[in-house]
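Here is a short tour of a two-part model, written to be read with the viewer open. Take the whole view first, then follow the text from one chain to the other.

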Amino acid sequence: MIEVNDKKFKTFEKTWSNEEGIRGFFTLVNNQPLGKRFMGTAMVFFALGGILALLMRIQLAVPENNWLSPLTYNQFFTVHGSTMMFLFAVPFIEGLALYILPMIIGSRDVAFPRLSAFSYWLYLFGGTFFFISFFTGDAPDSGWFAYTPLSGPKYSGLGLDFWVLGLALVEISGIGTGIELGVTVLKMRARGMSLNRLPLFAWTILVVSIMIVFAFTVLLMATTLLEMDRMLNTKFFNTDFGGSSLLWQHLFWFFGHPEVYIMFLPATGIISSIVATFARRPIKGYTYVALAIVITGFVSFGLWVHHMFATGLPELANAFFTGASLIIAVASGIQVFAWIATIWGRNPAFRVPFLYFIGFLVNFVAGGVTGVMVAVVPFDLQVHDTFFIVAHFHYVLIGGVLFPVFGGLAYWLPKITGKMMNERIGKLSFWLTFAGFNITFFPMHFMGFLGMPRRIYTYPNELGLGELNMLSTIGAFILGSGSLVFFYDVIKSLKCGAPAGNNPWGARSLEWSLSSPPPIYSFLTPPHYQEKDGEFDETHRPQGIVSEVLTAAPTTWRATPVTHALTAEVEAIQWLPGPTWLPFLSAVVLLITFLGMLLKLYLLSAFSFFIFVGLIIQWLWPSMSPKIQQEALALEEITGVTLRPSGTKSTVWWGMLGLIIVLTMGMGSLFFSYFYLWLYSDMWPQGNLSVPDQKLFLGASALLVLSAPLMFWIKREIQTRKSRHIFIAALLNFIMVSLALIIYTWDVLKLPFDPTLNAYTSVFYSIYWLIMGFVVVDLGICLSVMSRIGTDKKIEFPGFLLHSQIANMFASFLGLVAIASWIVLYLAPQII
Amino acid sequence: MMNEWFNFNTFQSAWHPVSEVASDMKSLSWFLIIMSTSVFIITVLLLILALRKKDLTQKSFEPGNKFILWSGLFIPTIVLIITLVWSLQSSLKISKMNQEEDVINIQVIGHQFWWEVIYPDHHIITANEIYVPVGSNIKFELSSQDVIHSFWIPNIHGKLDMLPDHKTYITMNIERPGRYRGQCAEFCGLQHALMAFPLVAVSENEFNQWLARNQKKAPLDLSEKESRGKEIYYRESCHTCHAIGGTDFKGKAGPDLTHIATRLTLGAGTIENNQKNLKQWIVDSQSIKPMNRMPKYKNIPDKDLDDLLEYLGSLK
């Protein structure tokens, strides 16, 4: 251990602590309290969703029951599904990762602490917003899948607006957390934890974070289009005006299928952690398992049509998606047998986390094989939208996700709280959950075969399914009591649990080297990951200069080392932000923006959105006091490691990459919609329109295309510190981009049709609006580069080079988008 | 035995096929069930073997990469390829059926929350029940008037969605006469649960009789009571939603009532069609099928109601 004197330690600790009292509650940005909040809030939503499930089971216990009205029942299953998917499973996993991931990979915090705070507030607000609909009597009732046209303006009410807007906040939160966790795994790992030594939990989080960025963006775009149909009267899904009834399903399931793996993969990561610990050895076939995780993530984007086998798509498409669905079964199989091989003959202790592993394996394999069954088209045509499907996906989601979540809680709670859970109560809760779950859902397989459709609030007596349904309802209450006992155990452990000690399970991954609960900065000394037999070895840890210098340091600001994405060699030291109001305030004004939309107070929305933009600018503004800058320079000198990283060494660069993927997927979803609508239209453009004159669009786009190399030149000049003309170049660039925006605006104002005319004009305008939105962002970036050139040139925190790289990335992206949009909007209809 | 315990239905069940396609689907299901159950049992057995108490000092079988690859990759791949081949074969058979040319055409249009049934070649419009002859190919042209519905008669065939923007087609051939229950299988709004219909498969002969009977328009020679009933039908604005062939009543929002007296069910398969139920349906259909689109008619005087029922009873 490196000796730390008391005074230095105290200031270090103070730097990492939150502010006092209620103020601290809103301003903290540390991963640990935020992770706990995510998990706690998710558990509250889980309880609410569970209560709804029990109420539905009461209704279905006997045939021809009319205890709940059809409206209430429909609201219940809509909110139950949406809650479990959007407000429980994903946020809980994000919270767990936020809390435990930095400790597993040896970082003091995540890559963008303010973003975690912002994501948490958005999630809390979005979820609450969504649930408020119950109190106004307008709970959504179109199912968690919200199929159009049922969810469109003609067939549904205010409830759907609650659904779309509430979930949009949660989706933004999810995307934020996704980028954050992905960059954290890539860049914040301990020195020596190269990618081929990455713990499997971190592997799953890495893959899932990338999946979130791709999938959630498409959902966000789809819900935006739906809300535009509802609010602005566009025609994407309006079949009377050239819209499509199935476009929504394609977009939704492009998100919806990966969503399942976004929940499931981290669950396997939890399981791998538990299995390795209880088998007292690393997971066998590590490489295969890691590969299986990556393949699962990748292939899951090629499965969405297997939710749509009954929509009458071409045979060939169905066959392809059956094949893809079977591939993913193999990837899951590899994981299952790797776990079995790992515990083979290791006499594991049957403690609560391990019991949940066994429960998980049994239930998940059952859910997996029924998954293979429903991938077979003719079989699916019978069981699709029946209780067989209900059984299948609850086996996957409860068996495959909830069991690992409970197991993971039982496993890591001692680390989080420092208290052990009661073993006997834990075992009781496990057996109640396991038995209750199977009694509830196993009979549903038969019910599906025997003609019980999903989403029905009642069924005729003659269907003869009363007994099975009653059994299922009894099981549901046993399952519910299992969760209740589990919660009781958690709360009891907080009050009177035995002290856990650092490492109650004899585990050998990094987080267990910390005290329980860990200090808020997790690692006093940034660890050097060294492994023996594939696991972190505590006995032997030479530290290296960076670890030495950063032990209880820097004292007045937060920092953690950043390492190479593959080799995990130290590349830089990352400044991390301290307490701030910005995330909370930004989330509040965004909430007000959405509330304004719901209440049709558009001025309020516009006003609060402007404040939001202002807050974001404030957020991104480089803000380091001169004192900190000096300390940073000193640190650079001692360690020889930069504090002003640029390019791939900087977390910001990777974050920007994530953002660009988000924007690409956003635009991509619009392009997809455009071509999909075209495919199912008799003529394109629809309604005897002709493609508008392209001159202005082409001109503005050309300006954007030219701006990209100019920005590249500026970046290079800054890098080589050669030129004195960069200010003029930046000014020229700014003028070009402004001009492009002006031309676009002019052109869009004089387009010969309205966005509400038909689906073609709706998608045309949407692409146009989105590219204009991008140009506005680019304008802001250009302006910031210019002002930076004008002001300080000497000390650069964060580096000016990085700043120009970001600008360069965005300019290139925008140039490409401009070309692509021109091809899609103007060229394609002429040549095809 | 199971059936006795649980009194399972046979009229809306994929487990009691009455067509070749449904039988194929059932055999495929058996294959899948046996395969899945074997995979499940083998995996759980391996898990149990793995968990057995072992003397760690003894040397014994130690699964490694080979074990993982064989049980997780190679064997599953073989099983899945067999599954895929069987699946494709079965799919091909279904799509071949759709190419049959010698067919009886029936259009089914989904509405919230009932089924409009049209026999275009025979000029018959009916609702909420389908008569078909046994042994002939029946080609259904499916579409929707509003939201997405799904057409599903498990004893005969898997389901196919009914879309508002383009038509979908499904061909069926029923082998055994009988009454089978079909039900909407895509969530379509408030009363999705009670949107069903009987499909009646009869002999060629009976079917022709049914066609002849249903091609007739409503009778014009009405008794006095029936005439009064017809006036009440008009007075109470029944005609704005319900058409009756051969009259001026042309409403399109609800089911066609030209042959209401011979329908098997009311409220799209919700209750049996008899005088008593029909009366209750008219007075307060909302108590039978809440949130359906038909308003309550609680203020029709009893005598008028009787006349109305008399008139409807004449629509055979």
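Domain bounds here come from an automatic or database domain assignment. With those bounds, the C-alpha centres of domain 1 and domain 2 of chain B are 34 Å apart. Please keep in mind throughout that this is a predicted model.

**The two chains side by side**

The table sets out some overall values for each chain.

| Chain | Helices and strands | Span along principal axes | Buried share |
|---|---|---|---|
| Chain A | 24 helices, 4 strands | about 85 × 80 × 50 Å | 58% of 832 residues |
| Chain B | 7 helices, 12 strands | roughly 100 × 45 × 40 Å | 42% of 316 residues |

How does the radius of gyration of chain A agree with that of a compact globule? For 832 residues such a globule would be near 28 Å, and chain A comes out at 27 Å, so the two agree. Chain B tells another story: a compact globule of 316 residues would have a radius of gyration near 20 Å, but the value for chain B is 26 Å.

Contacts along the sequence can be looked at in a similar way. In chain A, 83% of the contacts with a separation of 6 or more involve residues 24 or more positions apart. For chain B, 66% of the contacts between residues at least 6 apart in sequence join residues at least 24 apart.

**Chain A: domains and a helix**

The assignment for chain A gives domain 1 as residues 246-495 and domain 2 as residues 650-831. Between the C-alpha centres of these two domains of chain A there are 43 Å.

Helix α14 of chain A, residues 423-449, is a nice one to check by hand. Its 27 residues, at 1.5 Å each, should span 39 Å, and the C-alpha atoms at its ends are 40 Å apart, which agrees. Just after α14(A) you will find G451(A), which takes a positive phi of about 95°.

**Where the chains touch**

Now turn to the contact between the chains, to which chain A gives 68 residues and chain B gives 72 residues. Which helices of chain A each supply at least two residues to the side that touches chain B? They are α4 (70-105), α10 (315-343), α11 (352-375), α12 (377-383) and α15 (466-496) of chain A. The largest share on this side, 16 residues, is that of α10(A). By residue type, the side of chain A that touches chain B divides into 41 nonpolar, 21 polar and 6 charged residues.

**Chain B: strands β1 to β3**

In chain B, follow the strands from β1 to β3. Strand β1(B), residues 104-111, runs antiparallel to β2(B), and 5 bridges join them. The two form a hairpin with 2 residues between them. One of the partnerships to look for is V108(B), whose bridge partner in β2(B) is V117(B).

Strand β2(B), residues 114-119, is also joined to β3(B), residues 124-127, by 4 bridges, and this pair again runs antiparallel. Here I118(B) stands opposite I125(B) of β3(B). β2(B) and β3(B) form a hairpin too, with 4 residues between them, and in its turn H123(B) has a positive phi of about 55°. Is β2(B) mostly covered or mostly open? It is mostly covered, as 5 of the 6 residues of β2(B) are buried.

**Chain B: two domains in contact**

These strands come up again where the domains of chain B meet. Domain 1 of chain B consists of residues 1-52 and 60-209, while domain 2 of chain B runs over residues 224-314. From domain 1 of chain B, 18 residues are in contact with 15 residues of domain 2 of chain B. On the domain 1 side, the elements giving two or more residues are β2, β3 and β10 (196-202) of chain B. The residues of that side of domain 1 of chain B divide into 11 nonpolar, 4 polar and 3 charged.

Notes:
Residues numbered from 1 in each chain as written. Chains lettered and ligands numbered in written order. Predicted model: local features only at pLDDT ≥ 70, side-chain atom pairs only at ≥ 80, totals over all residues. Rg over C-alpha atoms; globule rule 2.2 N^0.38 Å. Buried ≥ 20, exposed ≤ 12 C-beta atoms within 10 Å, placed from the backbone. Contact = placed C-beta atoms within 7 Å. Nonpolar A, V, L, I, M, F, W, Y, C, P; charged D, E, K, R; others polar. Expected span 1.5 Å × (residues − 1). Pairing = 2+ DSSP bridges.
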